[in-house]
Amino acid sequence: MKDVIKSHIGSFIVTAVLVFTCNLLSVIHPFIVKEAVDIDFKANNIEQILIQLFLAYLFIHIILAIMKNIRNIKVNKLMARILSDIREKLFCKVLKFKMKTYNKYNSSEIYTRLTLDADNLFQLFFGTIQILVNNVIYIALMVLMMFFADINLALIGCIAIIVVAFSSFKFTRKLKFLDNKLLEKRDEENKEFSEMYNKNKLTYLYKMQKNNIKTTSKLFDEELKIRKRYIFVHHFMYPVALILEALGIYAILYYALNIDTNISLGSIYLVLFYVKECRNPLSEMFDQLEEMQTCLNSLRRINAILNEEDDEDIYVGEDAENLNGDIEFKNVYMNYGKEPVLKDISFVIKKGSKVTIAGRTGVGKSTLTNIFMRLYDIQSGEILMNGYDISKISIKSLRDNISYISQNPYIFEDTLRNNITLGDNNISDEQILNIIEYIEVKDIFSRFINGLDDIIRGTELSYGELQVISFIRAIVHKANIYIFDEPTSNIDLKTERLIQNLIDKISKRSTVIIVAHRKSTLESSDKIIYLKDGQVDMIVNKKAEALI
Ligand code: ATP
Ligand code: MG
């Protein structure tokens, strides 16, 4: 965050000078009115003096209008640049998270940081800091000018300002409190609503509509109550400030007309002008001070994201060449939290073999496939590929040699082609169409009128269709090692058999590691690694060439 601010330090200084100059001019111009009020009407050159004062007044106003405009443009531009820098920094940071960091935040939290919190930060700079600095300077200059006009009147004026300020402060606090309550209620409503919306099938099946409507009405009733209190306080605040200000004005006039009658009319005008003028910047300041708490919370949350550890640079480390699938796990331990998920895992996979990982739900099969590619770090032990310790080689050289299908198929809202090639121009349409033909899934794709150019959306495809696309994607990306995490769990038996045939073909030239439960997959494997309680329970070697 500091570096973002540092990079704009020059603009900050220029903006600060403009802010100060505008305030000074705003405070000076009532002085000309004072001079006009206090003019000696018996003087000979009265016309000339009036013209001079008028011209000076006009001049200051024109300069002030121009400078205020320049100041606003400068401030807006500076703040827009800072906001854009911060958002870009945040986006890039999130894209560089370590895999385990993604588990720490859910996507709606991240979305809030990138939008709402970034906007709050903008508010902190643009609103809060700017208004606070601007108004403190403005009020200080006005108080100074009041003392310049008349010390006693200025003291009475200051008391009036403090009384009005105190009442504004109290009201603003109350309003902010109610505002926060409203926000909390909104959050609660949104959460409830999204739960109800997303679980709509459950609602219909279990006839929960009545209950849902009751919950919703209760929440909205509570919100309405808070809103009514807010409106009451809000509308009470302004008349109270006006009455207190009127009392202050009365005290000033009483002093000037009854106690010290030597004070010039111009000075009285000046003090009254400043007392009235102070009300708005003061209430704005209190508003902003309350706002600051929210903004500082956003700042803390954004900083927490920016301070997250970056994922390792994929180019750092030795460039391992031709990792062809000779793999060895030596006493590997891995945990997401405190407890290890994988414990003391050791096995060997020979290049060109087809190995199945099996075991009960939640035993750690997907975790095992993830650590092959260093998506997660292991806690202890070693994973060797062709003799290289994979924690020492560059991630790029490791992942260049692996093609992977995860258990959850991922689809981008993009063309079918791009979803399969992932932007690799070396993959031809012909290759894709050949695979579609081989696994006989032409009918699945026939509904895409524009063929590979059709834009697809994950939500509009069945889970099986998503798996077929993921499979084709993994196959067209040539690799020495293929890792498939339950690639056919939702696919019909015929297509599954064809996919298995293709996997068997691939395993003739590459190493294939597959997580599967089906008997047919287990039977066609060279080796089966059974996991139990996060450990290797049993290893079955089925073909001589795969023996350890
Ligand atoms: P399944 O057959 O259901 O796919 P699996 O054998 O693939 O299960 P894993 O997904 O590897 O199991 O999960 C192993 C254990 O680790 C489970 O207890 C799971 O709850 C936990 N786990 C998985 N992913 C994470 C994660 N990102 N953070 C924390 N715990 C996790
Ligand atoms: Mg799994």
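Which residue in β9 does I405 stand opposite? Keep that one in mind while going through the notes below; the answer comes with the six-stranded sheet.

1. A caveat before anything else: this is a predicted model, so please read the points below as comments on a prediction.

2. Let's take the six-stranded sheet. It is open, its strands run in the order β6-β9-β10-β3-β11-β12, and the pairing is mixed. β6 and β12 are the edge strands, and each has a single partner, so one side of each is left without a neighbour in the sheet. Going from one strand to the next, the twist averages 15 degrees.

3. At the β6 end of that order, β6 (402-405) runs parallel to strand β9 (residues 481-485), and four bridges join them. Here is the answer to the opening question: I405 stands opposite F484 in β9.

4. At the other end, strand β11 (residues 527-532) and strand β12 (residues 535-541) run antiparallel and are joined by six bridges. I529 has I539 of β12 standing opposite. These two strands make a hairpin with two residues between them, and it is worth clicking on D533 in the turn, which has a positive phi of about 50 degrees.

5. There is also a four-stranded sheet, again open, with the order β2-β1-β4-β5 and antiparallel pairing. Its edges are β2 (342-349) and β5 (388-389); each has a single partner strand, so one side of each has no neighbour in the sheet. Inside that order, strand β1 (residues 327-334) pairs with strand β4 (residues 380-385) in the antiparallel sense, over five bridges. If you want a residue pair to check the register with, Y333 has S380 as its bridge partner in β4.

6. On to the helices. Helix α6 (residues 151-198) packs with helix α8 (residues 209-259) at an angle of about 175 degrees, and the axes are 9 Å apart. Angles over 145 degrees count as roughly antiparallel, and α6 and α8 are therefore roughly antiparallel to each other. In their contact, the residues divide into 25 nonpolar, nine polar and 13 charged.

7. Staying with α6, have a look at its aromatics. The whole structure has 16 aromatic pairs, and one of them is F193 with Y197: the ring centres are 6.1 Å apart and the planes are at 35 degrees, so the pair is tilted. F193 and Y197 are four residues apart in helix α6, and therefore separated by about one helical turn.

8. α6 also turns up around the largest cavity. By the rule used here, the count is one cavity of 30 Å³ or more, and the largest cavity has a volume of about 40 Å³. Its lining is A160, I161, V164, E245, V275, C278, R279 and L282. Both α6 and α9 supply at least two residues each, with α9 giving the largest share, four residues. By class, this lining has six nonpolar residues, no polar ones and two charged.

9. The second largest pocket holds about 980 Å³ of space. Of its 28 lining residues, T112, L116, L183, D187 and R301 lie nearest the centre. α5 (107-149), α6 and α9 (265-306) each supply at least two residues of the lining. The classes here are four nonpolar, 13 polar and eleven charged.

10. Last, the largest pocket, with about 1,300 Å³ of space. It is lined by 34 residues, and M373, L375, Y404, S406 and Y410 are the closest to its centre. The elements giving two or more residues to the lining are α10 (365-372), α11 (395-399), β6 and α15 (463-476). β6 gives the most, with four residues, which brings us back to an edge strand of the six-stranded sheet. The lining divides into 17 nonpolar, nine polar and eight charged residues.

Note on methods:
Residues are numbered from 1 along each chain as its sequence is written. Chains are lettered from A and ligands numbered from 1 in the order in which they are written. This is a predicted model: local features need pLDDT of at least 70, side-chain atom pairs count only at pLDDT 80 or more; totals for chains, interfaces and linings use all residues. Side-chain values use heavy atoms; hydrogens and water are left out. Axes are lines fitted to C-alpha atoms, for helices over the stretch in contact, and angles run from 0 to 180 degrees between N-to-C directions. Angles under 35 degrees count as roughly parallel, over 145 as roughly antiparallel, 65 to 115 as roughly perpendicular and the rest as oblique. Ala, Val, Leu, Ile, Met, Phe, Trp, Tyr, Cys and Pro count as nonpolar, Asp, Glu, Lys and Arg as charged, and the others, Gly among them, as polar. On a 1 Å grid over the protein atoms alone, a cavity is a set of points where a 1.4 Å probe fits but cannot get out, and a pocket is an open set with protein on both sides within 12 Å along at least five of seven lines; lining residues have an atom within 4 Å of a point. Grid points are joined across faces, edges and corners, and a volume is the space filled by probe spheres set on the points. Two strands pair if DSSP finds at least two bridges between them. Rings of Phe, Tyr and Trp (its six-membered ring) pair if their centres lie within 6.5 Å; planes under 30 degrees apart count as stacked, over 60 as edge-to-face and the rest as tilted.
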